[in-house]
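This report describes one protein model, moving from a single side-chain pair to the chain as a whole. Please keep the sequence and the coordinates at hand while reading.

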Amino acid sequence: MKKLAMILIGMVAFNALACRFNVRDVGFVDLGSAPYRLFVFLPDATTKAERESLQSIAYATYLDSNVKAEMVACFFDEAPAESDFVKRVKRVRAQQDELARVIAQLPNVIAARVHAVIPEPEDKRNPTATVLMQMKNQGDLDAKLARTIRLIVSKGFKGMVPANVSVTDNFGNFIPSPVEHNAGLPQKKNCALKHF
C-alpha cells in the first residue's frame, strides 16, 4: 500500500496533460474530448478506506487535465491454471537451455543452442534435436566432440537416441550421425548451412 501511495505522490510531481490532437502524415486529427484513462491496479487485500483515499488523491492530481484515474482490484494470489501443453513447452525450453549451458562448457565451444522436437505423447515418432554451436575456430568441431554432444542431448530427453541429434557449427560444418552418414551425407563438409 505504501508503494502505491509513493507512486501517486510521485505522479503529482509530473504534469500529466494529454493532447486531444494527434499529428499524422496529412495533418492534425481531432481525437475528441474523451479523457485518457490511468488505471491503478490495487491488490485485492486493499481496504475500502485506502482505495477511497487513493481515488481522491488521483482525482485531485488530475483535476485540471483530461486524465481520469480508475482504481482496479487485482487478484494476485490466484494464478491462472496452465494447460498440459504449456507445461510441456516450458519443460522442453528449460531442458534445451540447460543442455545448451552444459555444451557451452565443452572445449572450444563459445555458445550453443539446442532445438528439440518432442512429439505429442500419443505420437509414436522419436524425438529429434539439432545443436547449433559457436566454435572458437574453424575445424574445432570434430567427430569425437559431435559424438559427445549427441550423447549429452539424447540423455536430456526421454526416448531420444543419439542418432536423432544433428550437430552443426557457426562455420557451416555439419557432422552427420551414423544414420545420416549411411544415408549418403558427406562427413565434415560445408553443407547448405552458411555462416551469417
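With which side chain does that of Asp123 meet in a salt bridge? The partner is Arg125, and the N to O distance is 2.7 Å. The model that holds this pair is predicted, and the values below should be read with that in mind.

## Salt bridges

A search of the whole structure finds three salt bridges. In the pair already introduced, Asp123 is partly exposed, with a relative accessible area of 28%, whereas Arg125, at 60%, is exposed.

A second salt bridge joins Glu120 to Arg88, with the closest N and O atoms 3.3 Å apart. This pair links distant parts of the chain, since Glu120 lies in the loop between S5 and S6 while Arg88 belongs to helix H3, 32 residues apart. Glu120 counts as partly exposed because its relative accessibility is 35%, and Arg88 counts as buried because its relative accessibility is 16%. Within helix H3, Arg101 and Glu98 are three residues apart and therefore separated by about one helical turn; their side chains meet in a salt bridge at 2.4 Å, N to O. Glu98 is partly exposed, its relative accessible area being 39%.

## Nonpolar core

The largest nonpolar core comprises 23 residues, and those with the most contacts inside it are Ile103, Val131, Met133, Ile149 and Val153. Two or more residues each come from helix H3 (84-103), strand S5 (109-117), strand S6 (128-135), helix H4 (143-156) and strand S7 (165-169). In soluble globular proteins, nonpolar side chains tend to be buried together.

Met133 can serve as a point of entry to this region: leaving aside residues up to four places away in sequence, Met133 touches ten listed partners, among them Ile103, Val109, Leu141, Ile149 and Val167. Thr168, Asp169 and Asn170 are also included in the residues that Met133 touches.

## Strand pairing and crossover

Strands S3 (residues 36-43) and S4 (residues 67-74) run parallel and are joined by eight bridges; one pairing places Val40 opposite its bridge partner in S4, Met71. Between the two strands the chain passes through helix H2 (residues 48-61), and this β-α-β crossover is right-handed.

## The chain as a whole

The protein chain contains five helices and nine strands, which follow one another from the N terminus as α-β-β-β-α-β-α-β-β-α-β-β-α-β. Of its 196 residues, 27% count as buried. The chain exposes about 13,700 Å², of which carbon and sulfur atoms supply 58%. Among contacts with a separation of 6 or more, 56% are between residues 24 or more positions apart.

How values were computed:
Residues numbered from 1 in each chain as written. Predicted model: local features only at pLDDT ≥ 70, side-chain atom pairs only at ≥ 80, totals over all residues. Heavy atoms only, no water. Core = buried A, V, L, I, M, F, W, Y, C linked by side-chain atoms within 4.5 Å. Buried < 20%, exposed > 50% of the residue type's maximum accessible area, 1.4 Å probe, protein only. Helix = DSSP H or I, 4+ residues; strand = E, 2+ residues; numbered from the N terminus. Contact = heavy atoms within 4.5 Å. Areas by Shrake-Rupley, 256 points an atom, 1.4 Å probe, with all protein chains shown as cover. Pairing = 2+ DSSP bridges. Right-handed = clockwise from strand over helix to strand, strands pointing away. Salt bridge = Lys/Arg side-chain N within 4 Å of Asp/Glu carboxyl O.
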